[in-house]
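Let's work through some exercises together, one small step at a time. Keep the 3D view open and try each task before you read its solution.

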Amino acid sequence: MDVTQLLKGVLDLAVLAALRHDDGYGYDILRRLRTAGLEDVGDASVYGTLRRLFQAGYLTTYVVPSDEGPHRKYYALNAAGRAHLDRSGKVWRGFVSTMDQLLDGTSA
């Protein structure tokens, strides 16, 4: 199975989940996703997803000066983003449950 195709469908949810407890800048969020097991996620995909989620009104941003190079743009979940994460998480869990039943041969 091609993991990159699966990632396309769930990257928004993964990025929102990565920001659930702590704000983060682009590379930090990418690192969190890879550390969590999504090693195949691409840099450009994460940055594009962050832009899209911000434009959709699910994230806020702020800039923090950095001693190690350019300023970093941090992303944070706002109330709309948390609500979207909760809704999307429920849809995902339902989908996973259905797939598990199909794969286990226990579906009706």
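## Exercise 1: Two helices that cross

The crossing of H2 and H3 is right-handed. (A crossing is left-handed if the near helix is turned anticlockwise from the far one by less than a right angle, and right-handed if clockwise.) Before going on, note that this is a predicted model, where local features need pLDDT of at least 70 and side-chain atom pairs count only at pLDDT 80 or more, while totals for chains, interfaces and linings use all residues. Residues are numbered from 1 along each chain as its sequence is written, and side-chain values use heavy atoms, leaving out hydrogens and water.

**Task.** Describe how H2 and H3 cross, and find which residues meet.

**Solution.**

Step 1. Locate the helices: H2 covers residues 26–35 and H3 covers residues 43–55. Helices (H or I, at least four residues) and strands (E, at least two) are DSSP runs, numbered from the N terminus.

Step 2. Look at the axes, which come within 10 Å and cross at roughly 120°. Axes are lines fitted to C-alpha atoms, for helices over the stretch in contact, and angles run from 0 to 180 degrees between N-to-C directions.

Step 3. Name the arrangement: H2 and H3 are therefore oblique to each other. Angles under 35 degrees count as roughly parallel, over 145 as roughly antiparallel, 65 to 115 as roughly perpendicular and the rest as oblique.

Step 4. List the partners: Gly26, Tyr27, Ile29, Leu30, Leu33 and Arg34 of H2 meet Asp43, Val46, Tyr47 and Leu50 of H3. Contact means heavy atoms within 4.5 Å. By class, this contact has seven nonpolar, one polar and two charged residues. (Ala, Val, Leu, Ile, Met, Phe, Trp, Tyr, Cys and Pro count as nonpolar, Asp, Glu, Lys and Arg as charged, and the others, Gly among them, as polar.)

## Exercise 2: A second pair

**Task.** Repeat the analysis for H1 and H4.

**Solution.**

Step 1. The axes of H1 and H4 come within 10 Å and cross at roughly 125°, so the two helices are oblique to each other.

Step 2. The crossing of H1 and H4 is left-handed.

Step 3. From H1, Val10, Leu13, Leu16 and Ala17 meet Gly81, His84, Leu85, Ser88, Gly89 and Trp92 in H4. By class, the contact of H1 with H4 has six nonpolar, four polar and no charged residues.

## Exercise 3: Follow one histidine

**Task.** Is His84 buried or exposed, and which residues does His84 contact?

**Solution.**

Step 1. Find His84 in helix H4, residues 79–104.

Step 2. His84 has a relative accessible area of 18%, so His84 is buried. Buried means under 20% relative accessible area, exposed over 50%, partly exposed in between (1.4 Å probe, protein chains only).

Step 3. Leaving aside neighbours within four places in sequence, His84 is in contact with Leu16 and Tyr58. His84 and Tyr58 are 26 residues apart in sequence, yet 7.5 Å apart in space, C-alpha to C-alpha.

Step 4. The side chains of His84 and Tyr58 make a polar contact (3.4 Å). A polar contact is a pair of N or O atoms within 3.5 Å; within protein, one must be able to donate a hydrogen and the other to accept it, and residues adjacent in sequence count only if both atoms are side-chain atoms.

## Exercise 4: A serine in a loop

**Task.** Where is Ser66?

**Solution.**

Step 1. Ser66 lies in the loop between strand E2 (59–64) and strand E3 (72–77).

Step 2. With a relative accessible area of 16%, Ser66 is buried.
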